[in-house]
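Me: I'd like a close look at one part of this protein, namely how its helices pack. Take me through that slowly, then set it beside the strands so I can place it in the whole chain.

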Amino acid sequence: MTFSDIFKSSYLENVTAVTAFDMILSLALAFAVGLFIFFIYKKTYAGVMYSSSFGVTLVALTMITNLVILAVTSNVVLSLGMVGALSIVRFRTAIKEPMDIAFLFWAIADGIVLAAGMIPLAVFGSVFIGIIILIFANKKDTSNPYIVVIRCDGHDSETRAVDYLKANTKRCVVKSKSAQKGEVELNLEIRLKDDNTDFVNTLADTEGVHKCCPCNIQRRLYGVTYVYE
């Protein structure tokens, strides 16, 4: 075969470039691995609003990537054309959760590895990654920052509230303070010692405290902190 023969193509000859058994086996494995990724995503999701369509996208993305790589590996000319075709594709959907990016790359990587015929690597690699994500995602973390908004009637009640928070939390820092006649408002960032938040109820009943509102900082997106009550 000469160099020019490599770039000669016949449409009908490409029909048998990938056997039916290879196609069925590769796509079936891609579907199974995609379902496993979907299962891990559903079990470990910790965002605000769960999107089932994103989970289905993970399954479809694994199979689509597998299909593309199967075609590319069977034809050199097609692989060159595929590079040019995919280079003009632009996706504008914003990825809201950092872990979503990891799941997208996981699905794409498994589709590529399965199409390359490295079945043990794809299967055992996916199982290992899934176990690691399950372990760390289900681990309870009490170090998440909370914002406590306190409104009190003066310096004495402010001191009592701040001292009480410092005694019942791992970390307590005053982030902002605003004062007007007869009222002081404090915004404090706290870190919990454990999952127990009953101390907030006692703080709300403290003499001189008019309002105590804890809010959890759920996520940071594009450098902006979104706070949800």
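Reply: One cut-off first, as we'll need it in a moment: a residue is buried under 20% relative accessible area and exposed over 50%, with partly exposed in between. Keep in mind too that this is a predicted model.

Let's start with Leu-29, a residue of helix 2. Its relative accessibility is 22%, so Leu-29 counts as partly exposed. Leaving aside neighbours within four places in sequence, Leu-29 is in contact with Leu-114 and Ile-119. Those two contacts already point to the helices we want: Leu-114 is one of the helix 5 residues that meet helix 2, while Ile-119 is among the helix 6 residues that do so. You can also see the link to helix 5 in the backbone, if you look from Leu-29 to Gly-111: they are 82 residues apart along the chain, yet their C-alpha atoms are separated by 9.1 Å.

So what does the packing of helix 2 (residues 20-44) against helix 5 (residues 98-115) look like? The angle comes to about 165°, and the axes are 10 Å apart. The two helices are therefore roughly antiparallel to each other, and helix 2 passes helix 5 in a right-handed crossing. On the helix 2 side, the residues that take part are Ser-26, Leu-29, Ala-30, Val-33, Phe-36, Ile-37, Ile-40, Tyr-41 and Thr-44. Across from them, helix 5 brings Asp-100, Phe-103, Trp-106, Ala-107, Asp-110, Leu-114 and Ala-115.

Asp-100 deserves a stop of its own. Is this helix 5 residue buried or exposed? Its relative accessibility is 10%, so Asp-100 counts as buried. If you set aside residues up to four places away in sequence, Asp-100 touches Tyr-41, Phe-54 and Ile-95. Tyr-41 belongs to the helix 2 set listed above.

Now swing over to helix 6 (residues 119-137), which packs on helix 2 at an angle of about 5°, again with the axes 10 Å apart. That makes helix 2 roughly parallel to helix 6. Here helix 2 uses Leu-25, Leu-29, Val-33, Phe-36, Ile-40, Lys-43 and Thr-44. Helix 6 answers with Ile-119, Ser-126, Val-127, Gly-130, Ile-133, Leu-134 and Ala-137. Put the two lists side by side and you'll find some helix 2 residues twice: Leu-29, Val-33, Phe-36, Ile-40 and Thr-44 meet helix 5, and they meet helix 6 as well.

That leaves the third pairing, helix 5 with helix 6. Their angle is about 165°, and their axes lie 8 Å apart. Helix 5 is thus roughly antiparallel to helix 6, and this time the crossing is left-handed. Met-99, Phe-103, Trp-106, Asp-110, Val-113 and Leu-114 of helix 5 meet a helix 6 group made up of Ile-119, Leu-121, Ala-122, Ser-126, Ile-129, Gly-130 and Ile-133. Phe-103, Trp-106, Asp-110 and Leu-114 turn up here, and they also sit in the helix 5 list for helix 2.

Now for the strands. The protein chain has eight helices and five strands, and from the N terminus on the order is α-α-α-α-α-α-β-α-β-β-α-β-β. Strand 1 (residues 145-152) has six of its eight residues buried, so it is largely enclosed by the rest of the structure. Eight bridges join strand 1 to strand 3 (residues 183-191), and the two run antiparallel. To find the pairing on screen, look for Ile-150 opposite Leu-186, or for Pro-145 with its bridge partner Arg-191.

Strand 3 also has strand 2 (residues 171-180) as an antiparallel partner, joined to it by nine bridges. Ser-178 pairs with Glu-185 there. Strand 2 and strand 3 form a hairpin with two residues between them, and Gly-182 in the turn has a positive phi of about 85°.

Val-184 in strand 3 shows both partners at once. With a relative accessible area of 9%, Val-184 is buried, and its contacts beyond four places in sequence include Ile-150, Arg-151 and Cys-152, as well as Lys-177, Ser-178 and Ala-179.

As for the whole chain, 29% of its 229 residues count as buried. Among contacts between residues at least 6 apart in sequence, 68% join residues at least 24 apart.

Methods
Residues are numbered from 1 along each chain as its sequence is written. This is a predicted model: local features need pLDDT of at least 70, side-chain atom pairs count only at pLDDT 80 or more; totals for chains, interfaces and linings use all residues. Side-chain values use heavy atoms; hydrogens and water are left out. Helices (H or I, at least four residues) and strands (E, at least two) are DSSP runs, numbered from the N terminus. Buried means under 20% relative accessible area, exposed over 50%, partly exposed in between (1.4 Å probe, protein chains only). Contact means heavy atoms within 4.5 Å. Two strands pair if DSSP finds at least two bridges between them. Axes are lines fitted to C-alpha atoms, for helices over the stretch in contact, and angles run from 0 to 180 degrees between N-to-C directions. Angles under 35 degrees count as roughly parallel, over 145 as roughly antiparallel, 65 to 115 as roughly perpendicular and the rest as oblique. A crossing is left-handed if the near helix is turned anticlockwise from the far one by less than a right angle, and right-handed if clockwise.
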